[in-house]
Amino acid sequence: MRLDGKVAVITGGGSGIGAATARAFTREGARVVLADIDADAGGRVAAELRAGGATIDFLHADAADPAEIDRVVGFAVGEHGGLDILHNNHVGFEAGRIGDLTLDGFRRSLDIGLVSYWYATKVALGPMLAAGRGSIVNTASVSGLAGDFGLGAYNVLKAGVVNLSRVTGIEYARKGIRCNAVCPGPIGTPPIDRLRERAPQTWEDIRDAIPMGRYGRPEEIAAVVLFLASDEAAFVTGTHVVADGGLWAHSGMPPLGGLGPDF
Ligand SMILES: NC(=O)c1ccc[n+]([C@@H]2O[C@H](COP(=O)([O-])OP(=O)(O)OC[C@H]3O[C@@H](n4cnc5c(N)ncnc54)[C@H](O)[C@@H]3O)[C@@H](O)[C@H]2O)c1
């Protein structure tokens, strides 16, 4: 098994990509501590996996609260004797164009989606440095590599996550600790399901903008996280892996028809 005996913390593991990653990690032999602000969702995922024989604990925790991160990492170390993998994955942000965002909303978005990733990294580095090994995988987004209309705070915080992963990667490269980001494109998780209900045309437009012509599945991102977390990625650090059905490869230009060879 690819994560045999490893201890992993996953934030935002009660749904979508985090839940799929919890499934992948436990399937590959990891002992998982799953943290989520939604007690029902996190409890359900942990109970389902435990019933299947996995070693998994759920902690009801707000990952944006430093004291809660201390508690989650402390639990993993106290219960399992160390921490091998941190998967920062939760998010929360204010939507809106740059000029419409509120000061509180923008600050809060960075706090939840970026400052908390840094803080969890800082705390996890303690046991990882003590053991001389560790892998941190941050969920960024293609929205951290380019801009979207109406997602300014999200674009900024995810760009921060990409560069946090680079800096952490280089600073701890000689200490046995790797850090990378995964950059998903649009994935069929509950927020996207809600978008489909509220704005079906937008949901279709996004799907059609993806060169593969479909949304990604949470398991397809979990597979990338699993690779980055595992020893198979032993020489991979400070970088990001894009998994987006080709979305980021497109310049944004519409198909160029009717130009002729002499254009
Ligand atoms: N779904 C997509 O299209 C997509 C694309 C690119 C990146 N992402 C990123 O993937 C990650 C997971 O997104 P998802 O689509 O699986 O969302 P999701 O809503 O299905 O899952 C997110 C989970 O995080 C939890 N959470 C939120 N705030 C929290 C907090 N403060 N502390 C602890 N838990 C908290 C939620 O309760 C939820 O269970 C996010 O970082 C998101 O930005 C998603």
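Visitor: How do you know how the axes of helix α3 (residues 66-80) and α4 lie relative to each other?

Guide: In this predicted model, the axes of α3 and α4 come within 10 Å and cross at roughly 30 degrees. Angles under 35 degrees count as roughly parallel, and α3 and α4 are therefore described as roughly parallel to each other. Their crossing is right-handed.

Visitor: What makes the contact between α3 and α4?

Guide: On the side of α3, the residues are Pro66, Ile69, Asp70, Val73 and Val77, and these meet Tyr119, Ala120, Val123, Ala124 and Pro127 of α4.

Visitor: Why are α1 and α8 called oblique to each other?

Guide: Helix α1 (residues 16-27) packs against α8 at an angle of about 50 degrees, with the axes 8 Å apart. Roughly parallel would require an angle under 35 degrees, and roughly perpendicular one of 65 to 115; the angle between α1 and α8 fits neither class, and the two helices are therefore oblique. The crossing of α1 and α8 is right-handed, and the residues that meet there include Ala20, Ala24 and Phe25 in α1 and Ile221, Ala222 and Val225 in α8.

Visitor: How many aromatic pairs does a search of the whole structure find?

Guide: The search finds three aromatic pairs, among them that of Phe93 and Tyr154, whose ring centres are 4.5 Å apart and whose planes make an angle of 40 degrees. This pair links distant parts of the chain, since Phe93 lies in the loop between β4 (85-88) and α4 (103-131) and Tyr154 in helix α5 (residues 152-171), 61 residues apart.

Visitor: Why is the pair of Phe93 and Tyr154 called tilted?

Guide: Stacked planes are under 30 degrees apart and edge-to-face planes over 60; the 40 degrees between Phe93 and Tyr154 fit neither, so the pair counts as tilted.

Visitor: Are Phe93 and Tyr154 buried or exposed?

Guide: Phe93 has a relative accessible area of 34% and is therefore partly exposed, the limits of that class being 20% and 50%. Tyr154, at 14%, is under the 20% limit, which means that Tyr154 is buried.

Visitor: What makes the pair of Trp203 and Tyr215 stacked?

Guide: The planes of Trp203 and Tyr215 are 15 degrees apart, with 4.8 Å centre to centre, and an angle under 30 degrees counts as stacked. Trp203 belongs to helix α7 (residues 200-209) and Tyr215 to the loop between α7 and α8 (218-229), twelve residues apart. Both Trp203 and Tyr215 are buried.

Visitor: How do you know that the charged end of Arg196 sits over the ring of Trp203?

Guide: The charged end of Arg196 is 3.8 Å from the centre of the Trp203 ring, and the cut-off for the distance is 6 Å.

Conventions:
Residues are numbered from 1 along each chain as its sequence is written. This is a predicted model: local features need pLDDT of at least 70, side-chain atom pairs count only at pLDDT 80 or more; totals for chains, interfaces and linings use all residues. Side-chain values use heavy atoms; hydrogens and water are left out. Rings of Phe, Tyr and Trp (its six-membered ring) pair if their centres lie within 6.5 Å; planes under 30 degrees apart count as stacked, over 60 as edge-to-face and the rest as tilted. Helices (H or I, at least four residues) and strands (E, at least two) are DSSP runs, numbered from the N terminus. Buried means under 20% relative accessible area, exposed over 50%, partly exposed in between (1.4 Å probe, protein chains only). A charge sits over a ring if NZ of Lys or CZ of Arg is within 6 Å of the ring centre and within 35 degrees of the ring normal. Axes are lines fitted to C-alpha atoms, for helices over the stretch in contact, and angles run from 0 to 180 degrees between N-to-C directions. Angles under 35 degrees count as roughly parallel, over 145 as roughly antiparallel, 65 to 115 as roughly perpendicular and the rest as oblique. A crossing is left-handed if the near helix is turned anticlockwise from the far one by less than a right angle, and right-handed if clockwise. Contact means heavy atoms within 4.5 Å.
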